[in-house]
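User: Hey, I've got a model open and would like a quick walk through it. Can you help me read it?

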Amino acid sequence: MLTAYRRRFVAITMALIALVLLLALIMQGIVVYRNEYQDMRRTMGMVLEPWRMVGDDFRPGNPGPGQRPEDDDFAPDEDFEPDDDFDREDTPPMGRFRDARIATVFYDPEDDALTVMPGGQISDSDELLAAARAALDAQESFGLVQGYYYMKEGDDSIKLALTRTDYLRSRVLSNLSVLMIAYPLALCVLFFLSLWLSKLAARPMEQAVEMERQFVADISHDLKTPITVVLANDAILRSNPELTAGEQMQWIDASDAAARNMMDMVEQMLTLSSLESVNQTVEKTEVNLSACAEKSVLQLDSVAYERGITVESDVAPDIRISATEEHCMRILSGLIENALKYEPDGGAVSVSLTRERRRAMLTVRNAGSTIAPEDLPHVFERFYRGDKARSGSRGHGLGLPIVKGVCDLLDAEIRVRSSEEAGTVFTVLFQTL
């Protein structure tokens, strides 16, 4: 079931990511096209820049900018030296902005002649001249005619810059090709990232489902045993109607114990469900935690005595906290009962309550048993029982989760540590008044 959910999650996530990336790719393509379009327009303007400096008096065939007439009458003497004020930089740099893919065309209205200036890759073909004629007839100074982009300037001698649409298409495609390669690569990376994240996100759910499954198996066994006892005792009582009540008492007591065991389990489940309720609140009052600790030790002293377990208590007097007596007793009783439950017969359990600055520290320790390191992080998880071999006789795996829930309700911090030298130690920290 969870695998199907993960697949659905990855599929939906990848579909959304692919859509977002596609929209981003389209927007990027539009931006690239606009930028290249403007860049091409600027480049065509720069190609015309040297001729713009010449002015409208220039005619093709006349001396060009930066050129001297070929007529000998205008040739300088051999000993001619330019003045110091002669600035070669004033000469229009004809080759500074040349682009081989852009052709420069001049139109002379007097002769109705078109002249293509040399230097471009576009030859003086009928196609180029037809595009130039179309550009002359166009209203705008920049645009697209007959497969050419054009730019025209001037009134008398009109100067044209023309380039095929391939100029812009090649530049846009070269940029978009990079994006098209990056798009599938990004999808692949995000796909594997989604798989990893889905596995990471589903892990707590898988653990919860596994714990619920284990709980159902354990609780079914725990319920089956007392129910079997009750049914068996009921069958014995039915088959021996002639026996007196005193003679039937052993089967009645056995049925009563089994029923009480089931009742205890149901009450624990209801308590845990109540503690985990989102709307659960508690009205705190001033509680003497020292008195609660002494009372809890006294109540469970008889249980320890029956098993030969020594309970040592070291309770500092008059430690008061903001809580409720019921919840404090539940924490104390739950931890002491847990310690007695797992302490071997003849062992020892110690309970201490001390004050540390503005906090009260409750410590419950049983030296004769330890918790495996792999089980320590899970002791407060509901339905978790690390010692599967002894789980049937050691409760239903709900006692410590209930204690943890009560601590959270009172804003108290609970910790656990376990080692062969120190045994198992539960520590609860309360804020004192």
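Analyst: Sure, here is a short tour, starting with the ground rules. This is a predicted model, where local features need pLDDT of at least 70, side-chain atom pairs count only at pLDDT 80 or more, and totals for chains, interfaces and linings use all residues. Residues are numbered from 1 along each chain as its sequence is written, and side-chain values use heavy atoms, with hydrogens and water left out.

User: OK, how many helices and strands are in the chain?

Analyst: The chain has seven helices and 12 strands. Those are DSSP runs numbered from the N terminus: helices are H or I with at least four residues, strands are E with at least two.

User: And what share of the residues is buried?

Analyst: Buried residues make up 34% of the 433 in the chain. Buried means under 20% relative accessible area, exposed is over 50%, and partly exposed is in between (1.4 Å probe, protein chains only).

User: Let's talk sheets. What is the strand order in the open five-stranded one?

Analyst: The order is E7-E9-E10-E12-E11, with mixed pairing. At the edges are E7 (310–315) and E11 (413–419), each pairing on one side only. From one strand to the next, the twist averages 15°. Two strands count as paired if DSSP finds at least two bridges between them.

User: Which way do E7 and E9 run, parallel or antiparallel?

Analyst: E7 and E9 (residues 348–356) run parallel, joined by six bridges. Thr310 sits opposite Ala348 of E9.

User: Which helices pack on that sheet?

Analyst: One is H5 (residues 289–306), which touches E7, E9, E10 (359–366) and E12 (423–431). The direction of H5 makes about 175° with that of E7. Another is H6 (residues 325–342), touching E7, E9, E10, E11 and E12, with its direction at about 20° to that of E10. For those angles, axes are lines fitted to C-alpha atoms, for helices over the stretch in contact, and angles run from 0 to 180 degrees between N-to-C directions. Contact means heavy atoms within 4.5 Å.

User: Why is E12 largely enclosed?

Analyst: Eight of the nine residues of E12 are buried, so the rest of the structure largely encloses this strand. E12 pairs antiparallel with E10 over eight bridges, and antiparallel with E11 over seven. Val428 of E12 is the bridge partner of Leu362, and Ile414 also stands opposite Val428. E11 and E12 form a hairpin with three residues between them.

User: Switching topic: which residues make the nonpolar surface patch?

Analyst: Leu19, Leu22, Leu23, Ile26, Met27 and Ile30 make a patch of about 560 Å². Leu19 lies in H1 (residues 2–54) and is partly exposed, at 47% relative accessible area. Patch residues have over 30% relative accessible area and no salt bridge; like charges are joined within 9 Å, nonpolar side chains (Val, Leu, Ile, Met, Phe, Trp, Tyr) within 5 Å. A salt bridge is a side-chain nitrogen of Lys or Arg within 4 Å of a carboxyl oxygen of Asp or Glu. Accessible areas come from the Shrake-Rupley method with a 1.4 Å probe; for residues, only the protein chains shown count as cover.

User: Last one: what is the phi of Gln146?

Analyst: Gln146 has a positive phi of about 50°, although it is not a glycine. Most residues other than glycine have a negative phi. Gln146 is in the loop between E3 (142–145) and E4 (148–153) and is exposed, at 51% relative accessibility. Asp411 also has a positive phi, about 60°.
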